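Visitor: I am new to this structure and would like a close look at a single part of it, followed from there into its surroundings. Could you take me through it slowly?

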Amino acid sequence: MKDTSIALLGLGTMGVGMAANLLKAGFSLAVYNRTSSRSEPFVSQGARIAHTPADAARNAQIIISMLSDDAASRAVWTGPNGALEAADKGAILVESSTVSPTWVMELAALAAKAGVQLIDAPVTGSRVHAEGAQLNFLVGGDETAVATVMPAFQAMGKSVTHLGPVGSGAKLKLINNFLCGVQAASLAEALVWIERSGLDRDQALQVLRSGAPGSPLLAGLSARMTARDYTVNFLLKLMSKDLEYAHHAAAELGIDLTTAANARALFENAVTSGYGEQDMSSVVESLRASAQK
């Protein structure tokens with residue numbers, strides 16, 4: 001693996017685990033993060049700290065970004081000292097952030113003009129999955145380019161699903177997060193209802209977990225909500241953003257995601273209440289506070 005050079009742009013909740021696993025697999029890795037202190041722990045593991053996206057991208061065969069939203073992605077790829085302008089001809093760009101399909105297609109066109117290829121490869125999974133190399137990559141792009149990046153995907157994840165042309169990954173990721181966000185919001189409302197009803201909370205949740213509503217997401221979120229442990233697995237403010245992107249992407253096809261709008265309102269209320277930087281399961285806390293009024 002040491003003959004493949006990779007740049008990773010973004011060392012947030014997910015990027016930290018991805019970087020660690022690329023280094024474990026023996027890739028030559030340059031890391032960039034806007035807050036440079038997050039890069040420093042990787043020096044002892046063999047990474048090179050880059051001080052700009054362009055610095056990271058130079059001489060890299062594969063350039064991966066894992067960022068928060070369209071604005072952050074645009075800034076890192078096309079802003080001052082952006083990675084796109086510095087990318088070598090023939091390099092493969094991998095957008096693993098959860099961003100809008102509109103931005104993915106714009107970035108793909110810019111990449112083509114620059115003589116490089118873009119594949120979009122957002123992931124399903126949380127911080128724990130990133131740390132354990134258990135991510136699922138949802139990939140859109142040229143088959144040859146995907147095959148070239150496959151060893152890197154395999155170092156960071158447990159599955160790679162090639163869905164079709166560029167933009168396919170971004171579309172399915174928003175559908176995935178739309179369903180997750182709506183279920184999280186419904187669970188939060190149900191849990192507060194249970195708590196206010198006089199039912200035995202643990203018994204009620206066990207019935208729900210083992211019955212038709214049960215899912216891995218419900219099990220994980222309900223455990224965090226009852227323990228009130230909001231250690232970040234997935235940032236609450238990012239779920240709000242993903243629901244917004246999903247709403248707009250569906251609207252472009254004439255589909256009104258009313259449940260996404262309602263769920264986003266709960267998440268936005270939680271952001272306003274100060275839970276934006278905590279795990280998305282903390283959406284229940286603003287509902288608990290409202291129920292006590």
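Guide: Let us begin with strand E1, which covers residues 5–9; 5 of its 5 residues are buried, so the strand is largely enclosed by the rest of the structure. Please keep in mind throughout that this is a predicted model. In a regular strand the side chains alternate between the two faces of the sheet. In E1, Ser5, Ala7 and Leu9 point one way while Ile6 and Leu8 point the other way, and all of them are buried.

Two other strands can be followed from here. Strand E2 (residues 28–32) runs parallel to E1 and is joined to it by 5 bridges, and within that pairing serine 5 stands opposite serine 28 of E2. To get from E1 to E2 the chain passes through helix H1 (residues 15–24), and the β-α-β crossover made in this way is right-handed. Strand E4 (residues 62–65) also runs parallel to E1, with 4 bridges between the two, and here isoleucine 6 has isoleucine 62 as its bridge partner in E4.

From the strand we can move on to the side-chain pairs elsewhere in the model, starting with the aromatic rings. A search of the whole structure finds 1 aromatic pair. It is formed by phenylalanine 137 and phenylalanine 153, whose ring centres are 4.6 Å apart and whose planes meet at 35°, so the pair is tilted. Because phenylalanine 137 belongs to strand E8 (residues 135–140) and phenylalanine 153 to helix H7 (residues 143–156), the pair ties together parts that are 16 residues apart in sequence. Phenylalanine 137 is buried, with a relative accessible area of 1%, and phenylalanine 153 is likewise buried, with a relative accessible area of 1%.

Charged side chains come next. Side chains of opposite charge can pair when their charged atoms come close. For this model, a search of the whole structure finds 11 salt bridges, and a few of them are worth following one at a time.

Consider aspartate 242, which has its place in helix H11 (residues 236–251) and is buried, with a relative accessible area of 1%. This residue forms a salt bridge with lysine 241, in which the closest N and O atoms are 2.6 Å apart, and both aspartate 242 and lysine 241 are buried. The side chain of aspartate 242 is also joined to that of asparagine 177 by a polar contact of 2.7 Å. If residues up to four places away in sequence are not counted, aspartate 242 touches Thr98, Leu174, Asn177 and Phe234, so that asparagine 177 appears both in this list of contacts and as the polar partner just described.

Another salt bridge that involves helix H11 is the one in which the side chains of arginine 264 and glutamate 244 meet, at 3.4 Å from N to O. Since arginine 264 lies in helix H12 (residues 258–275) and glutamate 244 in helix H11, this pair ties together parts that are 20 residues apart in sequence. Arginine 264 is partly exposed, with a relative accessible area of 27%, and glutamate 244 is partly exposed as well, with a relative accessible area of 28%.

A further salt bridge is found within a single helix, where the side chains of glutamate 285 and arginine 288 meet at 2.8 Å, N to O. These two residues are 3 residues apart in helix H13 (residues 283–291), and they are therefore separated by about one helical turn. Glutamate 285 counts as buried at 10% relative accessibility, and arginine 288 is buried with a relative accessible area of 5%. Both residues also take part in a network of salt bridges that links Glu195, Arg201, Arg228, Glu285 and Arg288.

One last residue to look at is aspartate 200, which is found in the loop between helix H8 (168–197) and helix H9 (201–210). At 46% relative accessibility this residue counts as partly exposed. A polar atom of the side chain of aspartate 200 lies 2.9 Å from the backbone nitrogen of glutamine 203. For a sense of position across the model, aspartate 200 and serine 290 are 90 residues apart in sequence, and their C-alpha atoms are 21 Å apart in space.

Key
Residues numbered from 1 in each chain as written. Predicted model: local features only at pLDDT ≥ 70, side-chain atom pairs only at ≥ 80, totals over all residues. Heavy atoms only, no water. Phe/Tyr/Trp six-rings, centres within 6.5 Å; stacked < 30°, edge-to-face > 60°. Buried < 20%, exposed > 50% of the residue type's maximum accessible area, 1.4 Å probe, protein only. Polar contact = N/O pair within 3.5 Å; in protein donor to acceptor, adjacent residues only side chain to side chain. Contact = heavy atoms within 4.5 Å. Salt bridge = Lys/Arg side-chain N within 4 Å of Asp/Glu carboxyl O. Pairing = 2+ DSSP bridges. Right-handed = clockwise from strand over helix to strand, strands pointing away.
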